[in-house]
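Q: Please walk me through this structure one feature at a time. For each feature, I would like the general idea and then the case at hand.

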Amino acid sequence: MCRKPYKVSYSRVVATPTLRSMLSMNALSVGQPDIVVDGVRMDRPVRWVHVAEVRDVRHLLDGHEVVLTTGLPFANGTADPAAFVRQLVATEARGLIVELGPQLATVPPEVVAEARRLELPLIALRAPVKFVEVTEAVHRAIVGEQYRGLAFAQETHEVFTELSLDSADSDTIVGRAAVLVGEPIVLEDAGRRVVALAAHDRSPRDVLARWQERSRSAPVLDRPGTTGPEEWLTCPVGLRGSAWGRLVAPQPVADAVEVAVVLQRAAQALQLSRLVQRDAAGLQFQARESLLLDLMEARVADEVDAIARARALGVPSRPSYLPVVVHFGATAVPDQIVRQRRARAQLEATSEAARSARLDVIAGGVGDGQVGLVLALRPGDVEDATLDALNEALDSRQGTRQRATLGVGPAASTLVGATRHLRTTMHIASAGHVLSEDGRSWYRSSDVRLRGLMAELQNDDRVVAFVESELGSLLASDSERRAELLALLRSFVRLGGNKAAVAADVHLSRQALYGRLRLLENILGISLDDAESVMSLGVALLVNDLRAL
């Protein structure tokens, strides 16, 4: 299905003011700020700026404010400067800015000592500033950030609402989430296997390196939050109490609140998509099918990236890969919904058969009535035995009552190389399905060759016309003579025109054979000494015999 692009027009620029960023504002920089005590609170978001010139500020602060003062709270002899600092820390203030001047030439040493002990950032202003300009500048930035946050929330809402209405798949949803947050996003199932990945501007191999190990070190949370030694930001996906996966931002993010909002909306869209599909294994099938199609279309051409994605889906790296196509037969039903359900049932049956045969595969629908597979072969695996095991498991699957034929391509040492043979393998499977009157269950290219191609094309109008132009005069001849001459022509073509061998094959003397061959030439209007004519007659005979079956 061709989907329209989902545009994300809003530019994410994190502008929440911090104490450190405040020092670069013109309103404060004119005061020649001097960082007396640094600390982690310098880089934390500031909620507000408050001017305090009284000793007791506990009832004035709600937390995360920066306090401005000229030093009056600890300028006289009865003040307790250290206690003032402790009040700020108790109310979780972000820092203290003291303007020095005639009343306070230096910051009292007990203020410096207590601020350093309690890790409260302390800034001294060597020149006067207008406190009203400072508060206006900071509050303007805070309100602007709040507005930006609302705009971003609206953008997020619109993107995921549109995705939900369009029944977007998991790859699309995860991809839009990554664009919104500007970071890689991973969707993993309950077994910690990656079912969708949007690497953003990073390499998939870097994002997915040692994924299972890293994922298990990050405990699953029942709500959005940070977890594990790498501080992954995660969000569960699924109904409360029965999550079937989680979304992961696997590297530190600039604004955890916004990223969490995006992950929550993405999780809701994924759950809605799952409810619509009503498919318990849909994500895993979809993820493997997506990888298979990406490989076939050369959208993934790097072997390291291909192996990284395959490993994340639970398919290990192997020394050899075998392309196989399972052919169930084309669907005659015109109803598109019925066709899609049948295709899904065939993919499920094939995947379950591979699982019961203990085979590691990447599977996906590759054509009408065809499921493509790439088998990751273990060292020592015998191809024939592996194919027999897969065929036996397919035959035993409930609901797979239509006989399936396997087309087998050449094994390759790389996943990318094996997948590139799938299109040829599709032809082998189709040809084998037509030729399967011999009772075989799987075919290689050496088993079908030209016979297989002609079997597929035997009802094509152009092929029918070709056969008529080549053999029409012979087929219109007397029935008794026709059968005898057709048998002679088959022998002549099969034995490459070796007249001695042909004579022995059809039990004729050399002289009698020459007479029959001249009769054939007269009826067909060609020379049997012409190699191209003999080749054309051989193809026409092959199609005629196939159509007679």
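A: Let's start with the vocabulary: helices (H or I, at least four residues) and strands (E, at least two) are DSSP runs, numbered from the N terminus. The model is predicted, so to speak of local features we need pLDDT of at least 70, and of side-chain atom pairs pLDDT 80 or more, while totals for chains, interfaces and linings use all residues. Residues are numbered from 1 along each chain as its sequence is written, and side-chain values use heavy atoms, leaving out hydrogens and water.

Q: Where is Glu 92 found, and what is its phi?

A: Glu 92 sits in the loop between H3 and strand E4 (95-99). Its phi is near 60 degrees, a positive value in a residue other than glycine.

Q: Is Glu 92 buried or exposed, or partly exposed?

A: Relative accessible area decides: buried is under 20%, exposed is over 50%, and partly exposed is in between (1.4 Å probe, protein chains only). Glu 92 has a relative accessible area of 47%, so it is partly exposed.

Q: What is the phi of Glu 231, and where does Glu 231 lie?

A: Glu 231 has a phi near 55 degrees, again a positive value in a residue other than glycine. Glu 231 belongs to the loop between strand E8 (225-227) and E9. At 52% relative accessibility, Glu 231 counts as exposed. Another positive phi, of about 60 degrees, belongs to His 507, just after H19.

Q: How does one read the two sides of strand E14?

A: In a regular strand the side chains alternate between the two faces of the sheet. Here, in strand E14 (residues 405-408), Thr 405 and Gly 407 point one way, Leu 406 and Val 408 point the other way, and all of them are buried.

Q: Which way do E14 and strand E11 run, and how many bridges join them?

A: Two strands pair if DSSP finds at least two bridges between them. Strand E11 (residues 320-327) runs antiparallel to E14, with four bridges joining the two. Within E11, Val 324 stands opposite Val 408 of E14.

Q: Which way do E14 and strand E15 run, and what is the bridge partner of Val 408 in E15?

A: E14 and strand E15 (residues 442-444) run parallel, joined by three bridges. The partner of Val 408 in E15 is Arg 444. Val 408 is therefore a good residue to click on: Val 324 stands opposite Val 408, and Arg 444 in E15 is its bridge partner.

Q: How many aromatic pairs are there?

A: Rings of Phe, Tyr and Trp (its six-membered ring) pair if their centres lie within 6.5 Å; planes under 30 degrees apart count as stacked, over 60 as edge-to-face and the rest as tilted. By this rule there are two aromatic pairs. The rings of Phe 74 and Phe 84 have centres 5.8 Å apart and planes at 65 degrees, so this pair is edge-to-face. It links distant parts of the chain, ten residues apart: Phe 74 is in the loop between strand E3 (65-69) and helix H3 (81-90), and Phe 84 is in helix H3. Both Phe 74 and Phe 84 are buried. Trp 211 and Trp 232 form a stacked pair, 4.7 Å centre to centre with 20 degrees between the planes. Trp 211 lies in helix H8 (residues 211-216) and Trp 232 in strand E9 (residues 232-239), so the pair ties together parts that are 21 residues apart in sequence. Trp 211 counts as buried at 4% relative accessibility, and Trp 232 is buried at 1%.

Q: How many salt bridges does the structure hold?

A: A salt bridge is a side-chain nitrogen of Lys or Arg within 4 Å of a carboxyl oxygen of Asp or Glu. The structure holds 26 salt bridges. One of them joins the side chains of Asp 305 and Arg 205 (3.1 Å, N to O). This pair links distant parts of the chain, 100 residues apart, with Asp 305 in helix H11 and Arg 205 in helix H7 (residues 204-207). Asp 305 is buried, with a relative accessible area of 16%, whereas Arg 205 counts as partly exposed at 33%.

Q: Which residue forms a salt bridge with Asp 222?

A: Arg 223 does, with the closest N and O atoms 3.5 Å apart. Asp 222 is exposed, with a relative accessible area of 65%, and Arg 223 counts as exposed at 57%. Arg 378 forms a salt bridge with Asp 381, the closest N and O atoms being 3.7 Å apart. Arg 378 is partly exposed at 31%, and Asp 381 is partly exposed at 29%. Salt bridges that share partners also join Arg 20, Asp 38 and Asp 43 into one network.
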